[in-house]
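Biologist: Please take one part of this model and go through it closely. I would like to see how the helices pack, and then what surrounds that packing.

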Amino acid sequence: GYANGFNMPLYYSSGVYFGTQETAEAVALYLKQNLNVTSRVQGIQLIQLLQLIGRSAHDPKAEYVAVAGLPVANLPTPLEGVSLAYYGKSPFSLYHNSELDAVFEKAAGLLDPAQQAPLIKQMMAIEQEDLPTITLWQYVDVYAMKKGITYDAGLHGLEVVYLPWVAM
């Protein structure tokens, strides 16, 4: 904890992921109770959050702490998720590790997912050592279809039902 405590912003993306506000409020309570850190919980729209991340990624004095969803699990390949969240040259990455960047660039130069897999595991080991993000939960979308309607799911990188794949 911090004997004298301090104040900090704690952002969450509003209107995108169910439960994000409640998670941010729980995190704020935990930080206050266990670390004496007072968080100013503030919901902002996704576009504003992305703009804040973009500005913060290149400003070493930026204050950015957030409960935000990363669409890593919903992307067509794990390499795309690593690029978004952890590749230091990505415009939205707040994490900078030259070792991970070098492994990423090697993996990005390969077309075969089987050859990329051990490199992705290596990147995740580096990330877990530094722990720039903490996964609190992963939601699962559940869809129900009316009888006579089918949905053939495929890879599209979206977190929604892709309407061209719905049939009657």
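Modeller: H3 and helix H5 (residues 113–130) cross in a left-handed sense. The contact takes in Pro78, Leu79, Val82 and Tyr86 from H3. From H5 come Gln116, Ile120, Met123, Met124 and Glu127. By class, this contact holds seven nonpolar residues, one polar and one charged. The charged one is Glu127 and the polar one is Gln116. Bear in mind that this is a predicted model.

Now the geometry. The axes of H3 and H5 come within 10 Å and cross at roughly 30°. Angles under 35 degrees count as roughly parallel, so H3 and H5 are roughly parallel to each other.

Ala117 also belongs to H5. Its C-alpha lies 8.9 Å from that of Leu79 in H3, although the two residues are 38 apart in sequence. Is Ala117 buried, exposed or partly exposed? Its relative accessibility is 31%. Buried would need under 20% and exposed over 50%, so Ala117 counts as partly exposed.

H3 (residues 78–86) has a second partner, helix H4 (residues 98–108). Here the axes come within 11 Å and cross at roughly 150°. Angles over 145 degrees count as roughly antiparallel, so that is the relation of H3 to H4. H3 passes H4 in a left-handed crossing. On the H3 side, the residues are Leu79, Val82, Ser83 and Tyr86. They meet Leu100, Asp101, Phe104, Ala107 and Ala108 of H4. This contact divides into seven nonpolar residues, one polar and one charged. Ser83 is the polar one and Asp101 the charged one.

Three residues of H3 deserve a second glance. Leu79, Val82 and Tyr86 are among those that meet H4. Leu79, Val82 and Tyr86 are also among those that contact H5.

Next, a helix that packs on strands. Helix H2 spans residues 46–56, and its buried residues are Leu49, Leu52, Ile53 and Ser56. They cover an arc of only 100° around the axis, which puts them on the same side of H2. On the other side of H2, Ile47 and Arg55 are exposed. What do the buried residues of H2 pack against? They pack against strand S1 (6–14), strand S2 (37–45) and strand S3 (66–67).

One residue of helix H1 (residues 20–35) is worth a stop: Thr20. With a relative accessibility of 2%, Thr20 counts as buried, because the cut-off is under 20%. Leaving out residues up to four places away in sequence, Thr20 touches Tyr12, Ser13, Val67 and Trp137. Gly43 is 23 residues from Thr20 in sequence, yet their C-alpha atoms are 9.1 Å apart.

Finally, the setting. The protein has five helices and five strands. From the N terminus on, the order is β-α-β-α-β-α-α-α-β-β. Of the 168 residues, 27% are buried. Among contacts with a separation of 6 or more, 55% join residues 24 or more positions apart.

Definitions and conventions:
Residues are numbered from 1 along each chain as its sequence is written. This is a predicted model: local features need pLDDT of at least 70, side-chain atom pairs count only at pLDDT 80 or more; totals for chains, interfaces and linings use all residues. Side-chain values use heavy atoms; hydrogens and water are left out. Buried means under 20% relative accessible area, exposed over 50%, partly exposed in between (1.4 Å probe, protein chains only). Helices (H or I, at least four residues) and strands (E, at least two) are DSSP runs, numbered from the N terminus. The arc is that of the directions from the helix axis to the C-beta atoms. Contact means heavy atoms within 4.5 Å. Axes are lines fitted to C-alpha atoms, for helices over the stretch in contact, and angles run from 0 to 180 degrees between N-to-C directions. Angles under 35 degrees count as roughly parallel, over 145 as roughly antiparallel, 65 to 115 as roughly perpendicular and the rest as oblique. A crossing is left-handed if the near helix is turned anticlockwise from the far one by less than a right angle, and right-handed if clockwise.
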